[in-house]
Each structure stands twice: as structure tokens, then as C-alpha cells.
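Work through the exercises below with the model open. Try each task before reading its solution.

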Amino acid sequence: MKGSAGVLLLAAMLFGLWGSGRPVHASEISAAPRVLLVYDSENRQAGGPEQIDALTRTLASLNISVTRQTLLSYRAGTLTTRRFQGVITMVNWPQSRVTNAAYTRDRQAFTGRQLHIGQNLAGDEQRALGSTAQMVTHKQFQLQDPATGAQQVLPFMADHWLLLPAAAGNIGRLDEQGGPRQYAFGLIRGRQAYLPMYSGSGLTGLLSTRLLAQFFTGQAAAQPPVLTLTGVTPVSDLPLLRQTTGYLRDQGIPFAISATMTAENSQLPEHAAYLRTLAQAQLDGGTIFWQVPVIYAADRQTGSMLQRQFTAQISQAVRAMVYPVGVSAPGYWQFDTAFSTALHRADQNLLLPNPTTYTLGRGAPTATYAPGRRTFTAIPWRGENTLTGTGDLTFTSPTALTLSVPATAKRLQSFRRQVQRWPDQTWRSLTDDTTAMTLRAGRHRVTFSARQYQVDGQPATVGLPAAVKAAPQKAATVATGVNRFTRWQGLALLIFILVTLFILTGFLIYGRRIYRNQFRRKGRKP
């Protein structure tokens, strides 16, 4: 009994010590669902990498931990209910007919939730859906959302699609153009679900996210998006940026900014002017996300370099009364150990589409990513202009509709027209959010909740730093032997040229006089 009491006492002490370290959030108590994503091919010609990126970012926004791998690299025994609660089979290249017998056996024996995206639906998957599939080709469809009335005309389909008849409870409906037939877009039957196609934007993306949320989390509550300005850097047109944020303030639209920062040349007035503009954006109702730097080639030192940059840049920002509340990064940062560490320094992240202008360098690739407390997936807002029948977009996961910051006055007018095109759009306000979100950078802790900033546990002042106006200083000239030689050499050359011009001018005048004398009459002819 004494031994048992001692063990209980020791356990209680350890629990008390552990619990006193930091608060435990609700999202940490209930572990995020773990899903295995298996895709047949990237199929770059058909935009497969973009679809995989959009899908993984959407899963992260739903707080789903995802492990991704190709079908050919799958090993027997990977898919088990002890490791995963669900599996997604994604077919990007149906013509390839890539198969893996080990994966087929494990998937058929798997008792968790299974989602099939794309074509080549297996026979057991069709039977689990309980409907007779029909092969359709060379058709054009209009995608409908009966729940909101939204519509979108899809591109002409030249491939073969395996579609199931529309029925009550489907997520979205495909109406054949010029024909009476209707098919289901998203279908859920028990532990089996099916999407004939996937896209991260448009009505296709909206309905696909709704199916993912309902199928894997059991929750599909609608929520408004966050308007986010991207492409904000120290070399942006700062007057145009101030006009943009001022316009959103006047329209009563809350917004966020994904801003690249720097700790270099902090003594320059341009650096102070940039941070002052970001501080003004906060006063206009905006929140700031720290945009990660562009990394072309990653190595073992990348992680420590990122940590130093992050700490230095956040320290500079805090001194200028700029308080980032999250980290924004391309989607591929999820699947690199060094990069994902930077994401986990903030309670909330913004995942942007992968860039296409440079090769995605990875220093420590990993196949698994577990998201933080809150993750926003970014969707270009202009891509939603193809939707009709609705003026207020809602999503079932934290979503940011992005617009590039205007670089010219003409683009500012285009920006305003885009806002005016959606006058009834409801926007999510991060400034009014009562959930405390923290960003950790070195010794600094920036916490934000309900329009209140705290730095290291103390209330922070929100305002504008003093403007810095520094007159340019003329660089001091160091007198050296080379400088003196060059100066005298130039003076000697100038004297030589002047003397030469004087002599040539004299020759010109003398020659002209001789030439004229040849034609003068020297007397009358007899």
C-alpha cells in the first residue's frame, strides 16, 4: 500500500509540474483525424500538383493530419486503423491505369472512412456507394448547389466520367447541358464517399470542401472568408498600399495582410516607412501575417537560418508597433521538417498556393503534416467570379480569399471593381475574434484577441511610430595616391585638349585666308 501511495504521489507531482508549464487547448485534447492520401500520379500537364497542393491545404484547414504518398511507393501494412482514421484515393491520370496490389488489399480490409477522387472507381467502391454508376463522355455540365443556389458552368468534358444518379442528400448536382439527366457531384454513403473531380477553387472547391468536412469531421458549419492582401513587400508602392487599406476601411471590410519583412538595413528611412505603413494598416482594421522568405536551395542550415530571421524580423516589427498574428507560407512548407517548424511558431497559419516561378527546394522532406490550432487555406478571389446565383460566399473551413496588392493606379481601380462586384459578401473579422492566438519568436510572445495585442504578457500600444526623415549623407572621399594621380591626369588632359583646339583654330583661320587670296584680283588685265 505504501508503495502504491508513493507511486500515486509521484504521478500527481509530475502531472502538476507538466500542467503548470502552459495551458492546454481544446484542439490539443482531441487529436486531429489522421488521413492517408494516396495518388496515382502528379500528372503535371493536367495540373495535378496544384490539385494535390489545394487538397492538402484544405485538409489542414479542417484540422486533419495528412500523410501523402504515391500509389507506386505504397508498402503493405501502411494503411491500418491504428494509424489512420481515413484514406483518400486520388486519381490524377486515369489513362495510366497504375495499380498496386498491396494497396488494394489493405484498402479493402480497411474499416475506416474511404474517399475516392477521380475516375477508375473500383467495383467494391461502387457497391459500397449503393448506386449504379454510368460512364459519361463528351458532355458539358452545370454544377448546382441546391443549398445556396450557386451555379457554375464546367468546361466541356472530353474524357470519360463515372457518374452516379442524383439523389437526396447529395452534395451538389451535375445538370447535363441541353439534356434532362442529373448526376450527383459529391456522394456519401456510410464510410464510403466519392468525388468525380477535385479543384481548390470555384464551386467545385466549395462543394468538395463541404464533403471533406462532413465526411471526415462530421461538421460542415458555414463560415465567411477572410479578405487577404498578398504580395506586400518592402519594395511595394507604399502610397498605393495606404490607399488600398484606407479604401477597405471606408467600406467597412476587415482584412488581413500577408507581408514579407526584413531585418536588413533597418536604419534606412525606407525600412521605417514600410513598417509605418503596416502599422497604419492595423489601424485601418487589418491584421498582419508574417510571410516566410523565398528559399531556392535548402540545406541543413536552413532551419537555424529561418529561426534567426524570424526572431530578428519580428523584433524589428514589434519595436515599430507592428504585431504579426500568424505565419503565411506556400503549401509545400507543410512537408518539410525545417519549414513546418516555422509554421508551428504561430497558433494560426495561412497556407498559400505553391509558387510556379521557381523550383520548390526542400531540405528535410517529410510525408506527414499535423496542422496547428487554426489554418486558413488561400483561394484567389477572382477565381470565384465564375459563380452565379449567389452574392455571399461561405465555406466550411477557415478560408482566405486573396487579392494581390495593387502596384499601379489602374490595378487599384480593378481592385475596387472586384470589391464592388460582391457588395453582399460577408467577411470574417480576425480583429473581433475572441480566441487568443499567439506567435512565438525568440523571447517575444505576441498574443492577439478581440482587438487587444499583448507582447510578452503586457498590453501593447497600437499606433504609428514616429516618421523617420534622414537627409542623405555624402560619402566621405578618401584622398589617396591613386585619386591624386587621376585628378592631375584629368587636368593635364584638359589642358592638352584646349591647347590643341587653340592651334587647330589658328590653322583654320590661316588656311581660310590663303584660300580666299587665291581668288582675289591682283590688277586689270591688259
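## Exercise 1: A helix and its end

Just past helix α3, N63 adopts a positive phi of about 60°. This is a predicted model.

**Task.** Find how many residues of α3 are buried, and compare the reach of the helix with the expected span.

**Solution.**
- Step 1. Set the bounds: α3 covers residues 48–61, which gives 14 residues.
- Step 2. Take the reach from the first C-alpha to the last: 20 Å. The expected value, at 1.5 Å a residue, is 20 Å, and the helix comes close to it.
- Step 3. Count the covered positions: 11 of the 14 residues are buried, so α3 is mostly covered, with buried meaning under 20% relative accessible area.
- Step 4. Name them. G48 is buried, as are I52, D53, A54, L55 and T56. R57, T58, L59, A60 and S61 complete the list.

## Exercise 2: Aromatic pairs

**Task.** Classify the ring pairs F215–F216 and W381–W427, and state which parts of the chain the tryptophan pair ties together.

**Solution.**
- Step 1. Start from the total: the structure holds 10 aromatic pairs.
- Step 2. For F215 and F216, the ring centres are 5.0 Å apart and the planes stand at 70°. Planes over 60 degrees apart count as edge-to-face, so this pair is edge-to-face.
- Step 3. Both F215 and F216 are buried.
- Step 4. For W381 and W427, the centres are 5.0 Å apart and the planes meet at 90°, so this pair is edge-to-face.
- Step 5. Place the two tryptophans. W381 is in the loop between β18 (374–380) and β19 (399–404). W427 is in the loop between α11 (409–421) and β20 (437–441). The pair therefore ties together parts that are 46 residues apart in sequence.
- Step 6. Check burial: W381 and W427 are both buried.
- Step 7. Add the cluster: F141, W161 and Y183 belong to one aromatic cluster.

## Exercise 3: Charges over rings

**Task.** Which rings lie under R68 and R113?

**Solution.**
- Step 1. R68 places its charged end over the ring of F335, 4.1 Å from the centre.
- Step 2. R113 lies over the face of F215, with 5.2 Å to the ring centre.

## Exercise 4: The nonpolar cores

**Task.** Locate the largest nonpolar core relative to the two domains, and find the contacts of W333.

**Solution.**
- Step 1. The largest core has 99 residues. Inside it, I88 and W333 have the most contacts.
- Step 2. Helix α6 (residues 202–216) supplies the largest share of this core, eight residues.
- Step 3. Domain 1 (28–217) and domain 2 (226–459) both contribute residues, so the core lies between them.
- Step 4. Leave out residues up to four places away in sequence. W333 then touches V292, P293, I295 and L306, along with F339, S340, A342 and L343.
- Step 5. Another core, of 10 residues, lies apart from the largest one; L79, F84, V87 and Y103 are among its members.

## Exercise 5: Positive phi in a loop

**Task.** Are A450 and R451 buried, partly exposed or exposed?

**Solution.**
- Step 1. A450 sits in the loop between β21 (444–449) and β22 (452–455). R451 lies in the loop between β21 and β22.
- Step 2. A450 has a positive phi of about 50°, though it is not a glycine. R451, also other than glycine, has a positive phi near 65°.
- Step 3. A450 has a relative accessible area of 32%, so A450 is partly exposed.
- Step 4. R451 reaches 52%, so R451 counts as exposed.

How values were computed. Residues numbered from 1 in each chain as written. Predicted model: local features only at pLDDT ≥ 70, side-chain atom pairs only at ≥ 80, totals over all residues. Heavy atoms only, no water. Phe/Tyr/Trp six-rings, centres within 6.5 Å; stacked < 30°, edge-to-face > 60°. Buried < 20%, exposed > 50% of the residue type's maximum accessible area, 1.4 Å probe, protein only. Helix = DSSP H or I, 4+ residues; strand = E, 2+ residues; numbered from the N terminus. Lys NZ or Arg CZ within 6 Å of the ring centre and 35° of its normal. Expected span 1.5 Å × (residues − 1). Core = buried A, V, L, I, M, F, W, Y, C linked by side-chain atoms within 4.5 Å. Domains from an automatic or database assignment. Contact = heavy atoms within 4.5 Å.
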